[in-house]
Amino acid sequence: MQQAIKANLKRLKTFLNYSKNYLRRNNPINLFKKELVAGLKDALSINKKRKMVQYKLKYQMHQLNQMEKLIAQNNEHVFLRGNKFNEMR
């Protein structure tokens with residue numbers, strides 16, 4: 001009976017040592033703190049990210065409008081280019 005208790009205490013001590021070492025390596029409090037700080041940084045920089053996306057969108061729209069103007073200038077169809085229609089009148 002005494003040997004069984006000693007063996008169980010030894011197993012419990014080994015388990016607690018493994019648990020302690022695991023918690024030292026992967027501290028859940030530090031992980032939570034890091035995720036919280038990262039979330040706050042994202043939340044505080046969202047306005048800057050939104051402005052960046054708006055700038056990129058405006059640039060792409062400007063490029064699209066330039067392409068449409070070039071296509072309309074070089075196209076002979078009346079509905080795309082009103083100058084030729086006005087000249088024919």
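A salt bridge is a side-chain nitrogen of Lys or Arg within 4 Å of a carboxyl oxygen of Asp or Glu. The views below show a predicted model.

**View 1. Lys49 and Asp42 form a salt bridge.** The closest N and O atoms of the two residues are 3.5 Å apart. That distance meets the definition, because the cut-off is 4 Å. A search of the whole structure finds one salt bridge. Are Lys49 and Asp42 buried, partly exposed or exposed? Lys49 has a relative accessible area of 45%, so Lys49 is partly exposed. Asp42 is partly exposed as well, at 43%. Both values fall between the limits of 20% and 50%.

**View 2. Asn27 sits in the loop between helices H1 and H2.** Helix H1 covers residues 2–25. Helix H2 covers residues 28–44. Which backbone atom does the side chain of Asn27 reach at the start of H2? A side-chain oxygen of Asn27 comes to within 3.2 Å of the backbone nitrogen of Ile29. This pair counts as a polar contact because the limit is 3.5 Å. Asn27 has a relative accessible area of 28%, so Asn27 is partly exposed.

**View 3. Helix H2 has the span expected of its residues.** H2 has 17 residues. At 1.5 Å a residue, H2 should span 24 Å. The C-alpha atoms at the two ends of H2 are 24 Å apart, so the two values agree.

**View 4. Six residues form a nonpolar patch on the surface.** The patch consists of Met1, Ile5, Leu9, Leu12, Phe15 and Leu16. Together these residues have about 690 Å² of accessible area. Leu16 lies in helix H1. Leu16 is partly exposed, with a relative accessible area of 48%. A residue needs over 30% to join a patch, so Leu16 passes that cut-off. Why can residues spaced along a helix share a side? An α-helix has 3.6 residues a turn, so residues three or four places apart point the same way.

**View 5. The whole protein has four helices and zero strands.** From the N terminus on, the elements run α-α-α-α. How much of the protein is buried? Buried residues make up 2% of the 89 residues. The accessible surface comes to about 9,200 Å². Carbon and sulfur atoms hold 61% of that surface.

**View 6. Confidence varies between the helices.** The mean pLDDT of the protein is 86. Of the residues, 83% reach 70 or more. Among the elements, H1 has the highest mean pLDDT, at 93. Helix H4, residues 82–88, has the lowest, at 53.

Notes. Residues are numbered from 1 along each chain as its sequence is written. This is a predicted model: local features need pLDDT of at least 70, side-chain atom pairs count only at pLDDT 80 or more; totals for chains, interfaces and linings use all residues. Side-chain values use heavy atoms; hydrogens and water are left out. Buried means under 20% relative accessible area, exposed over 50%, partly exposed in between (1.4 Å probe, protein chains only). Patches are made of residues with over 30% relative accessible area and no salt bridge: like charges are joined within 9 Å, nonpolar side chains (Val, Leu, Ile, Met, Phe, Trp, Tyr) within 5 Å. Accessible areas come from the Shrake-Rupley method with a 1.4 Å probe; for residues, only the protein chains shown count as cover. The expected span of a helix is 1.5 Å times one less than its number of residues. A polar contact is a pair of N or O atoms within 3.5 Å; within protein, one must be able to donate a hydrogen and the other to accept it, and residues adjacent in sequence count only if both atoms are side-chain atoms. pLDDT is the predictor's confidence in each residue, from 0 to 100.
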